[in-house]
Amino acid sequence: MDTQLIPSSSPTPPFPILQFLSSISQFLSPMASNTISPLFFFFFLFLSFFPSSHSLSGYFIDCGSTSVTTHDGRTWQPDSAFVFSGINKNITDPVLDPTLSTVRSFPRALNRKFCYVVGPVFRTRRYMVRTTYYYGGVNGVQSPPVFDQIVDGTVWSMVNTTDDYDRGLTSYYEGVFEAKGKSISVCIGSNTYTDSDPFISALEVVLLGESLYNTTDFVNYGLRLVARHSFGYSGSNLRFPDDQFDRFWQPFGSSNLNVTNRTVSASGIWNLPPSKIFETELRTDQLEPLELNWPLISLPEANFTYYIALYFANDHPSSSDNSRVFSISLNGITYYHDLNATSAGHVVFASRWPLHGSTKITLTPSPQSKLGPLINGGELFHIVPLEARTLVRDVINLERVKSSLNNPPTDWIGDPCFPQQYRWTGITCSEGSRIRVITLNLTNMDLSGSLSPSIANLTALSGIWLGNNSLSGPIPDLSTLKLLEIVHLEDNNFSGEIPSSLGNLARLQELFLYNNNLTGEVPQSLTNNERLDLRIFPGNHLLGPPPPS
């Protein structure tokens, strides 16, 4: 076990410490669920250099709303600036939270995603993404739909709000992700379980402090919240302003454990939990183990790993008297040995820990301890492997192609190639480590507008099918597309001359341009190419006879 201890009196300035923690994450490698030895454990005292106040920064989107509203001290924006598909619907059920009175509903279309694009954001900074759902019978059927939610090309989780809705409750999902670019896309997608139109009630994207969860390799992984609790607390969820990032800390207590209330000043821990979670605790003053079944849900029987953070603060002023010394185990496996809890506060966390089924936390007093163990709070995240991303250059140029179309496909938003089952309509993508767009097929899609010259920057294209639409304007110069084998632009309204550069494409096998408004001479480089299937008549106004059949 590799343990790092940083005392609160450490002279190390903040930046090098944060930089040190970030560097640790590169050594955290995936492991098998039956392996414990490669794990890294981190035990930190509270550090005094972090500020205790923080203004909430991010985007608060009231989905389906058409006006700005203020609720819980936050300004909620209507969603029209962030999403370009779906329809607004009103909830007829009475609700206390006005953000639940409307939803945005999307058509049920298998393996099509509909995205919010939120930005600008700070590239490489961490954000909390929270989605909220309250069905309210909006689809006219009794049970809510089940569907996927996606962040930047990765399926983050499946949304199933049925149990909550049956109990009159709202469902929310929370994750932590690093911004990979200037925006973050949050998408809804219909899967094979979806039996009515998917929807969303609210979306929040909140900028987090750079120290939060910073031993996670956010380049390759995200975090999906499983549980976050304030132990011994019985009130409503702790959130902003108690938690400066508006994370929800749910109450968690047990009738057969002692619950006490006290005030502890706690600030500066790297995950920056609210100091209020240290005002309550679950503890026993007897020299006996304290056992806690947490979280209450059974975790999937799969090879998943988890980020776990457990929070402790004693009510004695120092650790010199060894008043509370105990070891921590999870399902019988030692998690931390001989924690000497002090009033300064501690977090013990593991960045990659395998769990499945029911989880039992056992706090066992050490022989030198004078009192029994205690615990104040806990966070548990499923570590989500991120899918690959489409080459940025291809994304940019596809966006330019999209902008030249008057009515592009509604799912042309978010990552074009990922998740693989939610690729953009009409494209196929390469495999391997460098993901490129290799074909574009929007035949008979009732498209209008023009074909952007930026299509020539999609240099991995081998085929373009845009026939039977209403596209107009000139045919762009495609000479940079050295891999191009097939071009179908027939049955449109293209005008101008046929680019002679098309004759320089050595791999071109099919070129269909009939039924347009093309003029001028047919380039000899095309008519003299015996390997090329060239179809330019009827329907154009070209000089010279048709090529021989």
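1. Asp246 is buried in this predicted model. Its relative accessible area is 0%. Asp246 is found in the loop between S16 and strand S17 (250-252). Its backbone deserves a look too: Asp246 is not a glycine, yet phi is positive, at about 60°.

2. What does Asp246 pair with? Arg239 forms a salt bridge with Asp246, and the closest N and O atoms are 2.9 Å apart. The two ends differ in exposure: Arg239 is partly exposed at 21% relative accessible area, while Asp246 counts as buried at 0%. In general, side chains of opposite charge can pair when their charged atoms come close.

3. The bridge between Arg239 and Asp246 belongs to a wider network. Salt bridges with shared partners join Asp72, Arg74, Arg130, Glu174, Glu204, Arg228, Arg239, Asp246 and Glu379. Over the whole structure, the search finds 20 salt bridges.

4. Arg130 is one of the network residues. Arg130 also lies over the face of Phe248, at 3.8 Å from the ring centre. A second arginine is placed over a ring elsewhere: the charged end of Arg352 sits over Tyr221, 4.7 Å from the ring centre.

5. Which parts of the chain does the salt bridge of Glu291 and Lys360 link? The N to O distance in this bridge is 3.6 Å. Glu291 is in strand S20 (residues 290-293) and Lys360 is in strand S25 (residues 360-365), so the pair links distant parts of the chain, 69 residues apart. Both ends have some accessibility: Glu291 counts as partly exposed at 47%, and Lys360 is partly exposed at 33%.

6. A search of the whole structure finds 24 aromatic pairs. Take Tyr134 and Tyr165. Their ring centres are 5.7 Å apart and their planes stand at 65°, so the pair is edge-to-face. The cut-off for that class is over 60 degrees. Tyr134 is in the loop between strand S9 (126-133) and strand S10 (146-151), and Tyr165 is in helix H2 (residues 162-166). The two are 31 residues apart. Both are buried.

7. Tyr213 and Tyr307 also form an edge-to-face pair, at 5.6 Å centre to centre and 90° between the planes. This pair links distant parts of the chain, 94 residues apart. Tyr213 is in the loop between strand S15 (202-207) and strand S16 (221-231), and Tyr307 is in strand S21 (residues 305-312). Tyr213 counts as buried at 1% relative accessibility. Tyr307 counts as buried at 0%.

8. Tyr134 and Tyr165 sit in one aromatic cluster. Its other members are Tyr133, Tyr135, Phe147, Tyr173 and Phe199.

9. Which residues touch the most other members of the largest nonpolar core? They are Leu292, Trp294, Ile308, Leu310, Phe312, Ile328 and Tyr335, out of 58 residues. S21 gives the most to this core, with seven residues. Phe312 is worth inspecting. Neighbours within four places in sequence aside, its contacts include Phe278, Phe326, Ile328, Leu339, His346, Val348 and Leu363.

10. A second, separate core has 41 residues, among them Phe418, Leu471, Leu478 and Leu502. Phe418 also takes part in a cis peptide bond with Pro419, with omega about -10°. Pro419 lies in the loop between helix H3 (392-403) and strand S28 (427-429).

11. Another cis peptide bond joins Phe537 and Pro538, with omega about 5°. Pro538 is in the loop between S37 and strand S38 (541-543). For S37 itself, see the next point.

12. Strand S37 spans 533-535. Asp533 and Arg535 meet in a salt bridge through their side chains (3.2 Å, N to O). Asp533 counts as partly exposed at 29% relative accessibility, and Arg535 is partly exposed at 40%. Asn529 is in the loop between helix H4 (524-527) and strand S37. The side chain of Asn529 reaches the backbone nitrogen of Arg531 at 3.0 Å. Is Asn529 buried or exposed? Its relative accessible area is 19%, so Asn529 is buried; the cut-off is under 20%.

13. Asn444 also has a positive phi, near 55°, and is a residue other than glycine. Asn444 is in the loop between strand S29 (437-441) and strand S30 (448-450). At 52% relative accessibility, Asn444 counts as exposed, whereas Asp246 is buried.

Methods:
Residues numbered from 1 in each chain as written. Predicted model: local features only at pLDDT ≥ 70, side-chain atom pairs only at ≥ 80, totals over all residues. Heavy atoms only, no water. Phe/Tyr/Trp six-rings, centres within 6.5 Å; stacked < 30°, edge-to-face > 60°. Helix = DSSP H or I, 4+ residues; strand = E, 2+ residues; numbered from the N terminus. Buried < 20%, exposed > 50% of the residue type's maximum accessible area, 1.4 Å probe, protein only. Lys NZ or Arg CZ within 6 Å of the ring centre and 35° of its normal. Polar contact = N/O pair within 3.5 Å; in protein donor to acceptor, adjacent residues only side chain to side chain. Core = buried A, V, L, I, M, F, W, Y, C linked by side-chain atoms within 4.5 Å. Contact = heavy atoms within 4.5 Å. Salt bridge = Lys/Arg side-chain N within 4 Å of Asp/Glu carboxyl O.
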